[in-house]
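Subject: Structure for your study

Dear colleague,

Please find below the structure that I promised to hand over. I would be grateful if you would read the notes beneath it with the model open.

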Amino acid sequence: MQDKNIPYKIYLKENEMPDKWYNVRADMKNKPAPLLNPGTHEPMTFDELRPVFCDELIRQELNDTDPYIDIPEEIRGFYKMYRPSPLVRAYCLEEKLQTPAKIYYKFEGNNTSGSHKLNSAIAQAYYAKQQGLKGITTETGAGQWGTALSMACSYFDLDCKVYMVKVSYEQKPFRREVMRTYGASVTPSPSDTTAVGRKILEQHPGTTGSLGCAISEAVEAATSQEGYRYVLGSVLNQVLLHQSIIGLETKAALDKYGIVPDVIIGCAGGGSNLGGLIAPFMGQKLRGEQDYEIIAVEPASCPSFTRGKFAYDFCDTGMVCPLAKMYTLGSGFIPSANHAGGLRYHGMSSTLSQLYHDGYMKAVSVEQTSVFQAAEQFARIEGILPAPESSHAIRVAIDEALKCKETGEEKTIVFGLTGTGYFDMVAYEKFHNGEMSDYIPTDADLQVGFDGIPRFPGNEF
């Protein structure tokens with residue numbers, strides 16, 4: 001039954017939209033470990049990062065001290081086309097589950113890219129344009145990031161080159177065509193168009209690819225062409241910074257009605273959505289102002305938090321990127337092609353990894369058939385077809401609500417609905433046809449990836 005005081009959808013007014021991003025690192029006692037030069041094992045400097053990233057994005061990447069960073073007016077103007085996004089009270093789901101829990105979800109699918117990825121894509125394209133670049137390169141897994149970046153580049157008249165994980169390229173042709181509609185070139189990765197791609201194909205013939213492979217190719221493409229830089233859709237500090245607008249809006253909407261969540265849940269692949277959603281709540285937790293139960297949800301087939309090692313590792317399969325300290329399965333780990341969703345990166349954001357290591361949040365892994373069961377249940381009850389990535393959070397939100405049903409606790413649960421699943425119908429088809437199975441890597445499978453983590457003094461794990 002609807003609470004007369006709480007609407008189905010809580011919208012902020014346009015003038016209530018945040019004008020600053022929140023940098024959670026400023027409030028962290030233990031800062032994320034710095035990126036290391038893979039040759040010297042010394043922290044990467046601004047000048048060393050310049051051939052790869054845009055200058056302003058490097059400054060944001062290295063900024064551990066400023067809690068708030070202004071959102072440029074042109075980016076805010078673009079945001080206003082689809083933001084503020086709604087915070088939705090899942091009354092129908094609550095009723096169906098017969099739970100005393102109150103469930104809210106922050107819906108990020110109200111834009112053509114269909115996901116939260118546009119929040120950072122437009123920011124990174126803006127800074128590339130401000131620097132006078134010709135274009136940018138990137139990787140994409142399930143395709144949301146590549147779609148978002150192609151839209152952002154089109155807006156700023158930048159060339160966009162996307163390396164898409166081969167299995168997704170083949171499974172999601174319509175996602176690929178949306179990118180091409182916005183002017184991007186899309187290459188299945190690994191490919192024979194780069195030296196690192198050819199090397200990976202030689203070492204792993206017939207491979208279905210991984211984000212690590214695609215990153216290697218995109219970095220090579222950027223550094224071998226004048227006027228290009230590489231951008232990343234997750235993992236990096238700068239991306240979590242841009243995505244903090246999700247959490248800032250969520251908290252502002254809850255504050256309007258005096259709502260304090262007990263549990264905050266986000267899906268976790270590289271960390272962009274999770275980091276953005278939890279940012280202001282984590283800030284309160286770090287400052288000792290409020291306590292929350294924060295849950296990261298990852299696929300059992302790519303369990304970097306729950307089964308990975310906390311160590312310095314390469315960010316890419318080709319080992320051309322800096323070393324990042326993170327929970328990792330090894331840069332050579334390639335998820336099973338049977339894994340139907342995104343969230344297939346071998347590592348996790350250094351910021352989130354440090355917070356997890358320090359005990360500020362917990363992580364759970366879930367199997368994909370249960371994820372799609374939750375997705376179908378949610379679609380039938382709440383009327384939104386969710387992306388497989390988002391459905392990991394839905395699975396655990398439902399589980400938490402059912403626990404409340406058993407105990408009688410009236411917890412308030414907030415989760416991130418990162419986007420829609422309309423380009424994921426091949427996966428839904430496999431689920432409906434009973435062709436989807438669960439794959440959980442064995443310890444021996446994972447050890448192959450762990451064996452590739454670089455060993456050097458100070459990198460014991």
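The notes below describe a sheet, the helices that pack on it and a contact between two helices.

Please bear in mind that this is a predicted model.

The sheet is open and has 7 strands, in the order E1-E4-E5-E15-E10-E11-E14, with mixed pairing. Its edges are strand E1 (9-10) and strand E14 (362-366); each has a single partner strand, so one side of each lacks a neighbour in the sheet. As general background, strands of a sheet pair through backbone hydrogen bonds, either parallel or antiparallel. Strand E11 (residues 293-299) pairs with E14 in the parallel sense, over 5 bridges. Within this pairing, proline 299 has valine 366 in E14 as its bridge partner.

Two helices may be examined against the sheet. Helix H12 (residues 272-287) packs on the sheet and touches strand E10 (263-267), E11 and strand E15 (412-417). The direction of H12 makes about 160° with that of E10. H16 also packs on the sheet, where it touches strand E5 (102-107), E10, E11, E14 and E15. The direction of H16 makes about 170° with that of E15.

How do H15 and H16 lie relative to each other? The axes of helix H15 (residues 368-382) and helix H16 (residues 388-407) come within 8 Å and cross at roughly 85°. The two helices are therefore roughly perpendicular to each other. Among the residues that meet are Phe372 and Phe378 in H15, and Ile394 and Arg395 in H16. The residues of this contact comprise 8 nonpolar, 5 polar and 1 charged.

Yours sincerely,
A colleague

Technical notes:
Residues are numbered from 1 along each chain as its sequence is written. This is a predicted model: local features need pLDDT of at least 70, side-chain atom pairs count only at pLDDT 80 or more; totals for chains, interfaces and linings use all residues. Side-chain values use heavy atoms; hydrogens and water are left out. Axes are lines fitted to C-alpha atoms, for helices over the stretch in contact, and angles run from 0 to 180 degrees between N-to-C directions. Helices (H or I, at least four residues) and strands (E, at least two) are DSSP runs, numbered from the N terminus. Angles under 35 degrees count as roughly parallel, over 145 as roughly antiparallel, 65 to 115 as roughly perpendicular and the rest as oblique. Contact means heavy atoms within 4.5 Å. Ala, Val, Leu, Ile, Met, Phe, Trp, Tyr, Cys and Pro count as nonpolar, Asp, Glu, Lys and Arg as charged, and the others, Gly among them, as polar. Two strands pair if DSSP finds at least two bridges between them.
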